[in-house]
Amino acid sequence: MRDDPLAVYRRLCVRRGIALGGLASGRQEDFRTVLASAALALDEGVDYDEPSVNARLKSWIERPGAMLDVDHVELRRWLVDAGLVERDGYGRRYVRADPAPASFGPYLAALSGIDLGVFAEEARDSERIERDARQAAWRARREQVPTHHVVEDDVRWMGEALVLAKQAGARGEVPVGALVVQDGAVIGRGGNAPVAASDPTAHAEIAALREAGRAVGNYRLPAASLYVTLEPCAMCAGAIMHARIARLVFGARDPKTGACGSIVDLFAERRINHHTAVVGSVRADECGALLSAFFAARR
């Protein structure tokens, strides 16, 4: 056993929606810790009828086991199948196994005697406080830097993105260009290419992010800015946030699919755990004119 069961339990109990099947096919320390903590909801040596064992397991799911996506019937079945709980042939009487299976022994010993309901609530409160502190620190840093205002370099970098957009238009693609900039240098470029690639994800932003990730050897780009000639769609907004891009600068707004406020504003969703600073309408007339000319030529 590599990890302390109590430390494992603390790591797991702050989460939500965990499936027991997923735990069983993954880290055995996690699976055994969770099942052992559930088994401890039943007192050793006590013979329970079905309503009583159901009540005990429901209570456990509500507090110590709130991290699981499970009901008491499924949980009872897992406990019986794992050998932690024994039942009679008719499924009317239940008792905690004594002795427990050897593979669960260390987990039961480490977790017994602890009020796991209180422990879980304290862990969740601590996680909430730490998360709020991280968000407060991020907001404080953002307020110190004018990330939501146009700066001189924004105009220049958007000019380079326009060049990429024109190249995409010349290839018969919707003229959108994007580039990723870090420490004053371009580390990723992209132009729209869904038609040529037969790929609905081949947007300019995605191409630029992929090239930037390869350039730095990391899919996280927390020190980078992304410039794109058209307001990103929901797909690209999600990719930008997953990449932890610090700052997004876009040109023309997209009244049909824009995810920076035109249709939805994903970057303003406070429940998302990363918040990219957004600057819009940089060289918007030029970016918009390029798109208008492209579509007018095809009517």
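This is a short walk through the strands and helices of one predicted model.

Let me start with the sheet that most of this talk concerns. It is an open sheet of five strands, and their order is 5-4-6-7-8, with mixed pairing. Strand 5 and strand 8, the latter covering residues 277–279, stand at the edges with a single partner strand each, so one side of each has no neighbour in the sheet. If you compare neighbouring strands of this sheet and ignore their direction, they are turned by 15° against each other on average.

Now to strand 6, which runs over residues 224–230. How many of the residues of strand 6 are buried? Seven of the seven are, so this strand is largely enclosed by the rest of the structure. On one side strand 6 is joined by five bridges to strand 4, residues 177–182, and the two run antiparallel; within that pairing, Leu179 has Tyr227 of strand 6 as its bridge partner. Strand 6 also pairs with strand 7, residues 247–252, this time in the parallel sense and again over five bridges, and here Tyr227 stands opposite Val249 in strand 7. To get from strand 6 to strand 7 the chain passes through helix 11, residues 234–242, and the resulting β-α-β crossover is right-handed.

I would like to pause on one residue of strand 6, namely Thr229. Its relative accessibility is 2%, and because buried means under 20%, Thr229 counts as buried. Leaving aside residues up to four places away in sequence, the residues that Thr229 touches include Met158, Ala161, Leu162 and Ala165, as well as Pro175, Val176, Gly177, Gly251, Ala252 and Cys287.

Strand 4 comes next, and it is mostly covered, with six of its six residues buried. As a reminder, in a regular strand the side chains alternate between the two faces of the sheet. In strand 4, Gly177, Leu179 and Val181 point one way while Ala178, Val180 and Gln182 point the other way, and all of them are buried. Besides its pairing with strand 6, strand 4 pairs with strand 5 in the antiparallel sense over six bridges, and one of the partnerships there is between Gly177 and Gly191 of strand 5. Strand 4 and strand 5 form a hairpin with two residues between them, and in the turn Asp183 has a positive phi of about 55°.

Moving to the other end of the sheet, strand 7 and strand 8 pair in the parallel sense over three bridges, and the bridge partner of Val249 in strand 8 is Val279. Helix 12 packs on the sheet, where it touches strand 6 and strand 7, and its direction makes about 55° with that of strand 7.

Helix 12, residues 284–296, also has a helical neighbour, helix 8, residues 152–170: their axes come within 11 Å and cross at roughly 5°. Helix 8 and helix 12 are therefore roughly parallel to each other. Where they meet, helix 8 contributes Met158, Leu162, Ala165, Lys166 and Gly169, and helix 12 contributes Glu286, Cys287, Leu290 and Phe294.

What covers helix 10? The cover over its buried residues includes strand 4, strand 5, strand 6 and helix 11. Those buried residues are Ala204, Glu205, Ile206, Ala208, Leu209, Ala212 and Gly213. Helix 10 has 13 residues, 204–216, which at 1.5 Å a residue should span 18 Å, and its end C-alpha atoms are 19 Å apart, which agrees. Just after helix 10, Gly217 takes a positive phi of about 70°.

Let me close with two parts from earlier in the chain. Helix 3, residues 28–39, reaches 16 Å from its first C-alpha to its last, close to the 16 Å expected for its 12 residues. Of these, 10 are buried, so helix 3 is largely enclosed by the rest of the structure; among them are Phe31, Val34 and Leu35.

The other part is an open sheet of three strands, in the order 1-3-2, with antiparallel pairing. Its edge strands are strand 1, residues 48–49, and strand 2, residues 85–87, and each of them pairs on one side only. Strand 1 pairs with strand 3, residues 93–96, over two bridges, and Asp49 has Arg93 of strand 3 as its bridge partner.

Technical notes: Residues numbered from 1 in each chain as written. Predicted model: local features only at pLDDT ≥ 70, side-chain atom pairs only at ≥ 80, totals over all residues. Heavy atoms only, no water. Buried < 20%, exposed > 50% of the residue type's maximum accessible area, 1.4 Å probe, protein only. Helix = DSSP H or I, 4+ residues; strand = E, 2+ residues; numbered from the N terminus. Pairing = 2+ DSSP bridges. Right-handed = clockwise from strand over helix to strand, strands pointing away. Expected span 1.5 Å × (residues − 1). Axes fitted to C-alpha atoms, helices over the stretch in contact; angles between N-to-C directions. Parallel < 35°, antiparallel > 145°, perpendicular 65-115°, else oblique. Contact = heavy atoms within 4.5 Å.
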